[in-house]
Amino acid sequence: MRIGIDCVAIRPSYTGGVNTYTFGLLDGFSKLPPDHAFIIFANPATARLFERYKANRNFRVIVFEPGALWPRKALEAAGVLSQHVGTWERIRNTLMRRLVQTVNSTCDVFYSPNTVLPAYNFGVPTLLSMHDIQQFHYPEFFTRKDLMLRKVKYAASAAHADYIQASSGFIKEDLLQHYPGLREEQIVV
């Protein structure tokens with residue numbers, strides 16, 4: 001099986017949370033027998049973080065260039081400001097079409113440890129680790145912009161992930177309560 005791993009959104013200077021989780025997972029995968037291929041999708045700024053995995057014969061790193069920053073940010077801002085999930089999905093699918101094409105041609109399944117999917121039109125099954133949905137419980141921890149972004153990103157991701165990995169039963173129940181389109185069997189603790 002060829003397992004794609006979404007590391008495009010990993011921030012090189014961040015040292016906690018999702019980064020720790022992702023590198024712990026990759027380190028664990030690197031100790032497995034070479035029965036499966038792991039394809040790490042990185043961006044040019046983070047590709048160096050994954051160099052150590054290239055020595056492992058069942059790992060491959062594909063560097064994805066998301067495109068020029070200012071037009072991408074302007075389009076994403078329009079999607080967020082619309083507060084319309086469908087608009088957000090169309091914009092992200094357009095911006096990430098090369099990533100989706102590459103994933104579809106090189107992977108049997110695509111896994112995102114980053115809480116949200118990078119696009120919503122993959123042709124292979126997707127697995128997402130939605131670590132928490134703090135925005136519902138502690139909105140005061142977030143700026144208005146962050147809350148707007150989380151609204152569209154999380155809703156689109158919940159609607160399009162084939163499976164969601166939850167770290168606890170509490171998170172599973174929380175996801176089911178806040179995203180009624182999810183089915184219980186989609187969420188694996």
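## Salt bridge between E184 and K172

In this predicted model, E184 counts as partly exposed at 48% relative accessibility. Its partner in a salt bridge is K172, and the closest N and O atoms of the pair are 4.0 Å apart. This pair links distant parts of the chain: E184 sits in the loop between α7 (169–178) and β7 (187–188), whereas K172 belongs to helix α7, twelve residues away.

K172 has a relative accessible area of 14% and is therefore buried, since buried means under 20%. The bridge thus joins a partly exposed glutamate to a buried lysine.

## Salt bridge between R2 and D108

The count of salt bridges in the model comes to seven. One of them is formed by R2 and D108, whose closest N and O atoms are 3.1 Å apart. R2 lies in strand β1 (residues 2–6) and D108 in the loop between α4 (97–106) and β4, so the pair ties together parts that are 106 residues apart in sequence.

Both partners are partly exposed: R2 has a relative accessibility of 32%, and D108 has a relative accessible area of 33%.

## Further salt bridges

K54 and E51 also form a salt bridge, with 3.2 Å between the closest N and O atoms. K54 is partly exposed, at a relative accessible area of 43%. E51 is likewise partly exposed, at 42%.

In addition, a network of salt bridges links K73, E76 and R92.

## Residues with positive phi

Most residues other than glycine have a negative phi. Two residues of the model, Q83 and T115, have a positive value although neither is a glycine.

For Q83, phi is near 55°. This residue is found in the loop between α2 (69–82) and α3 (85–95). With a relative accessible area of 22%, Q83 is partly exposed; the value is not under 20%, so the residue does not count as buried.

For T115, phi is about 80°. T115 is placed in the loop between β4 (109–112) and β5 (126–129). Its relative accessible area is 9%, which means that T115 is buried. Both residues with positive phi therefore lie in loops, but Q83 is partly exposed whereas T115 is buried.

Key. Residues numbered from 1 in each chain as written. Predicted model: local features only at pLDDT ≥ 70, side-chain atom pairs only at ≥ 80, totals over all residues. Heavy atoms only, no water. Helix = DSSP H or I, 4+ residues; strand = E, 2+ residues; numbered from the N terminus. Buried < 20%, exposed > 50% of the residue type's maximum accessible area, 1.4 Å probe, protein only. Salt bridge = Lys/Arg side-chain N within 4 Å of Asp/Glu carboxyl O.
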